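Here are my notes on this structure, set out as numbered points. Please read them with the sequence and the model open.

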Amino acid sequence: MNILKSISTIFIFTLVLTSCNPAAKTETTIPSNVAAEKEAVKTVLKSYKDAIQSLNAEATLNLFTQDSQVFESGGSEGTYTNYLAHHLGPELDHFNSFIFSDYNVSVLVDLPYAFTTETYIYTIDLKANEEKGRAAQLITKKGVATSVLRKTDGAWKIMKTHSSSRNK
């Protein structure tokens, strides 16, 4: 009788272990359409890029969370609203154009978050400033940005972003 109990215990233990398939658990945590989520994230980043190229910073406001954080070239700019009011908005007024080229993006989705890396070259056509004695000039830089987006109420928004650049 003890042998029968031992065999039954081993059989049940083996059955429990083999039913705990880690791959099955992983499959249930992956969104059903990762490709669509990645495209939705890319659409947010493209909307930001397009607005900057149009020199229309106001069009970017709905792309960021209220508690967003912006970091640029080693400095903390605060929330996106602060960054827009004190940095980006006034800066765009000094540009004739802002063009991105050689743009590449990678996206990793881990709901409710997405992690992105963008690489690009940007060219700024800077307006002349007679008061400061500055001639018009073209500035070309190689840039990189990493961002964390959060999906809330069905929409992807940028929570954190960090960008930096160097001479091309």
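1. A definition comes first: two strands count as paired if DSSP finds at least two bridges between them. In that sense β3 and β4 form a hairpin, with two residues between them. The two strands are antiparallel and share 13 bridges. One of the pairs across this hairpin sets V109 opposite A114 of β4.

2. The model is predicted, and confidence should be looked at before the details. The mean pLDDT of the protein is 86, and 81% of the residues score at least 70. Among the elements, strand β4 (residues 113-126) has the highest mean, 98, while helix α2 (residues 22-29) has the lowest, 42. Over residues 6-29 the pLDDT is below 50, and apart from near neighbours in sequence this stretch has zero contacts in the model. Where pLDDT is low, predicted coordinates should not be read in detail.

3. As for the overall make-up, the protein has four helices and six strands. Their order from the N terminus is α-α-α-β-β-α-β-β-β-β. Of the 168 residues, 29% are buried. Among contacts with a separation of 6 or more, 55% are between residues 24 or more positions apart.

4. How are the six strands ordered in the sheet? The order is β2-β1-β6-β5-β4-β3, in an open sheet with mixed pairing. The edges are β2 (75-78) and β3 (95-110), each of which pairs on one side only. Neighbouring strands are turned against each other by 20° on average, direction ignored.

5. The pairings can be taken one at a time. Strand β1 (residues 64-72) runs parallel to strand β6 (residues 155-167), with five bridges; V70 has T161 of β6 as its bridge partner. β5 and β6 are antiparallel and share 12 bridges, and here T146 stands opposite H162 of β6. The hairpin of β5 and β6 has two residues between its strands, and D153 in this hairpin takes a positive phi near 50°. β4 and β5 are also antiparallel, over 14 bridges. A114 is opposite L149 of β5, and A114 is also the residue that V109 faces in the hairpin of point 1.

6. Two helices should be viewed against the sheet. Helix α3 (residues 34-53) lies across β1, β3, β4, β5 (137-152) and β6, at about 165° to β3. Helix α4 (residues 80-92) lies across β1, β2 and β3, and its angle to β1 is about 55°.

7. K49, in helix α3, deserves a separate look. K49 is buried but has no salt bridge. The nearest side chain of opposite charge belongs to D50, 4.4 Å away, and a salt bridge requires a nitrogen-to-oxygen distance within 4 Å. Beyond its neighbours within four places in sequence, K49 is in contact with F100 and Y103.

8. Side chains of opposite charge can pair when their charged atoms come close. The count here is four salt bridges. One of them joins E37 and K151, at 2.8 Å from N to O. This pair links helix α3 with strand β5, across 114 residues of the chain. E37 counts as buried because its relative accessibility is 14%, whereas K151, at 26%, is partly exposed.

9. Another salt bridge is between D67 and R150, whose closest N and O atoms are 3.6 Å apart. D67 is in strand β1 and R150 in strand β5, so the pair ties together parts that are 83 residues apart in sequence. D67 is partly exposed at 49% relative accessibility, and R150 is partly exposed at 22%.

10. A further salt bridge stays within one helix. K42 and E39 come to 3.7 Å between their closest N and O atoms. Both residues lie in helix α3, three residues apart, which is about one turn of the helix. K42 is partly exposed at 29%, as is E39 at 46%.

11. Is K168, in the segment after β6, buried or exposed? K168 counts as exposed because its relative accessibility is 67%. Its C-alpha lies 5.1 Å from that of K142, although the two are 26 residues apart in sequence. Beyond its neighbours within four places in sequence, K168 is in contact with I121, T140, K141 and K142.

Technical notes. Residues numbered from 1 in each chain as written. Predicted model: local features only at pLDDT ≥ 70, side-chain atom pairs only at ≥ 80, totals over all residues. Heavy atoms only, no water. pLDDT = per-residue confidence, 0-100. Contact = heavy atoms within 4.5 Å. Axes fitted to C-alpha atoms, helices over the stretch in contact; angles between N-to-C directions. Buried < 20%, exposed > 50% of the residue type's maximum accessible area, 1.4 Å probe, protein only. Lys, Arg positive; Asp, Glu negative; His and termini not counted.
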